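Here are a few exercises to help you find your way around a new structure. Have a look at the model first, then try each task before reading its solution.

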Amino acid sequence: MTGTAMAEAPTPISLADLRREIDRIDEAMHRLLMERGSIIDTLIAVKKTQASGSAFRPGREASMMRAMAARHAGLLPFDTVESIWRVIISTFTYVQAPYSVHADMSGGDAPMRDTARFHFGFTVPYVPHPNAAAVIDAVARSAGDLGVFRAEPGRGAGAWWTALAGEGRPKIIARLPFVERPSHPAGLPVYVVSKPIEDAAVRDVVLFALGVERWREGLQKALAGLGATVESSAGDQGGLSLLISMPGSVTLETIYGAMSGLDVGVFDIHEIGSHASRFRLDQTAENPESKS
């Protein structure tokens, strides 16, 4: 080997060099978080959010989480990235306008607590309740709190969705997790309710409480023709109450038209909220080796 070749040989990277790089990145991330906090402080002054209720913006959060999932690559599991960002987003939302998360414990404490802590962190107060109806009542009495309960309730939960009907009542504003996947560490599907936030509502999927006197064979087909899904059902007011989800483009008039002639005896129908469309991350996309 010539002297020139020896001079051009790369200098080996030492462990000390790598650790200094990690320390540099850690410091940069901390400074960026503090910078984000400074911007939020200005945002509070501009929007006066602390006087206007919840600062939760489900559409913006859903978009952020989807963009993060789409660009993620490398060794770090996406579970970790999502959990870090959920804590950052939820805590800064709390800084803008303090709120509590009220949770339905009727399906068990551990899965709901894990879900709430994953999505909202430990700074936001966590308040347990015996059922979904109690969660809705607590949110209705609050200034800007959120409520969470299972999107797929067990038997005996009752027609809790009817408590969301009516002007000024709490409404469903999100379905979590924003990025669904089979291996999600806190993948319990939950609805998030708050007092109405029309300026920030996402209407990809709209939910209705539909009351009928009786079930008929053609009802399922009629709803499916609208792109609707029956999410849950329960006896109510001497009839049957259905929680249905459908595309945001469907109107009340269209629903009534689809029900006409079915002899189901529609006695009540109310829009009770909306949320972003469901985004599923498949196993291939989760595998860091699948991305260059």
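Helices and strands here are DSSP runs, numbered from the N terminus: a helix is H or I over at least four residues, a strand is E over at least two. Keep in mind that you're working with a predicted model.

**Exercise 1. Two backbone oddities**

Task: Which peptide bond is cis, and which residue has a positive phi although it is not a glycine?

Solution.
- Step 1: Go to the loop between β4 and β5 (179-180), where you'll find Pro177.
- Step 2: Check the bond leading into Pro177. The peptide bond from Leu176 to Pro177 has omega near 0 degrees, and that's your cis bond.
- Step 3: Now move to the loop between α8 (252-259) and β10, which holds Asp263. Asp263 isn't a glycine, yet its phi is positive, at about 60 degrees.

**Exercise 2. How α4 meets three other helices**

Task: Work out how α3 runs relative to α4, and which residues touch.

Solution.
- Step 1: Start with the axes. Those of α3 and α4 come within 11 Å and cross at roughly 155 degrees.
- Step 2: Angles over 145 degrees count as roughly antiparallel, so α3 is roughly antiparallel to α4.
- Step 3: Look at the handedness: α3 passes α4 in a right-handed crossing.
- Step 4: List the partners. α3 brings Glu61, Met64, Met65, Met68 and Ala69, while α4 answers with Phe78, Val81, Glu82, Trp85, Arg86, Ile89 and Thr93.
- Step 5: Sort them by class, and this contact has eight nonpolar, one polar and three charged residues.

Task: Do the same for α4 and α5: at what angle do their axes cross?

Solution.
- Step 1: The axes of α4 and helix α5 (residues 109-120) come within 6 Å and cross at roughly 75 degrees.
- Step 2: The range from 65 to 115 degrees counts as roughly perpendicular, so that's the label for α4 against α5.
- Step 3: On the α4 side you'll see Asp79, Glu82, Ser83, Arg86 and Ser90; on the α5 side, Phe118, His119 and Phe120.
- Step 4: By class, the α4 contact with α5 splits into two nonpolar, three polar and three charged residues.

Task: Finish with α2 and α4: how far apart are their axes?

Solution.
- Step 1: The axes of α2 and α4 lie 10 Å apart, and the two helices pack at an angle of about 35 degrees.
- Step 2: The crossing of α2 over α4 is right-handed.
- Step 3: Leu33, Arg36, Gly37, Ile40, Leu43 and Ile44 of α2 touch Ile88, Phe92, Val95 and Gln96 of α4.
- Step 4: Here the classes come out as seven nonpolar, two polar and one charged.

**Exercise 3. The pockets**

Task: Which residues lie closest to the centre of the largest pocket, and which elements line this pocket?

Solution.
- Step 1: The largest pocket has a volume of about 720 Å³.
- Step 2: It is lined by 25 residues, with Arg36, Met64, Trp85, Ile88 and Ile89 closest to the centre.
- Step 3: Three elements give two or more residues to this lining: α2 (15-47), α3 (58-71) and α4 (78-96).
- Step 4: By class, the lining has 16 nonpolar, three polar and six charged residues.

Task: How much space lies in the second largest pocket?

Solution.
- Step 1: About 200 Å³.
- Step 2: Of its 13 lining residues, Lys171, Glu198, Ala201, Glu271 and Gly273 are closest to the centre.
- Step 3: This time, β4 (171-176) and β10 (266-275) are the elements giving two or more residues.
- Step 4: The lining of the second largest pocket divides into seven nonpolar, two polar and four charged residues.

**Exercise 4. The cavities**

Task: How many cavities of 30 Å³ or more are there, and what lines the largest cavity?

Solution.
- Step 1: The count is three.
- Step 2: The largest cavity holds about 90 Å³ of space.
- Step 3: Its lining takes in 15 residues, and Arg175, Phe178, His275, Ala276 and Ser277 lie nearest the centre.
- Step 4: α3 and β4 each give two or more residues to that lining.
- Step 5: By class, you get eight nonpolar, three polar and four charged residues.

Note on methods: Residues numbered from 1 in each chain as written. Predicted model: local features only at pLDDT ≥ 70, side-chain atom pairs only at ≥ 80, totals over all residues. Heavy atoms only, no water. 1 Å grid on protein atoms, 1.4 Å probe; cavity = no way out; pocket = protein on both sides within 12 Å on 5 of 7 lines; lining within 4 Å. Points joined across faces, edges and corners; volume = space filled by probe spheres on them. Nonpolar A, V, L, I, M, F, W, Y, C, P; charged D, E, K, R; others polar. Axes fitted to C-alpha atoms, helices over the stretch in contact; angles between N-to-C directions. Parallel < 35°, antiparallel > 145°, perpendicular 65-115°, else oblique. Left-handed = near helix turned anticlockwise from the far one by under 90°. Contact = heavy atoms within 4.5 Å.
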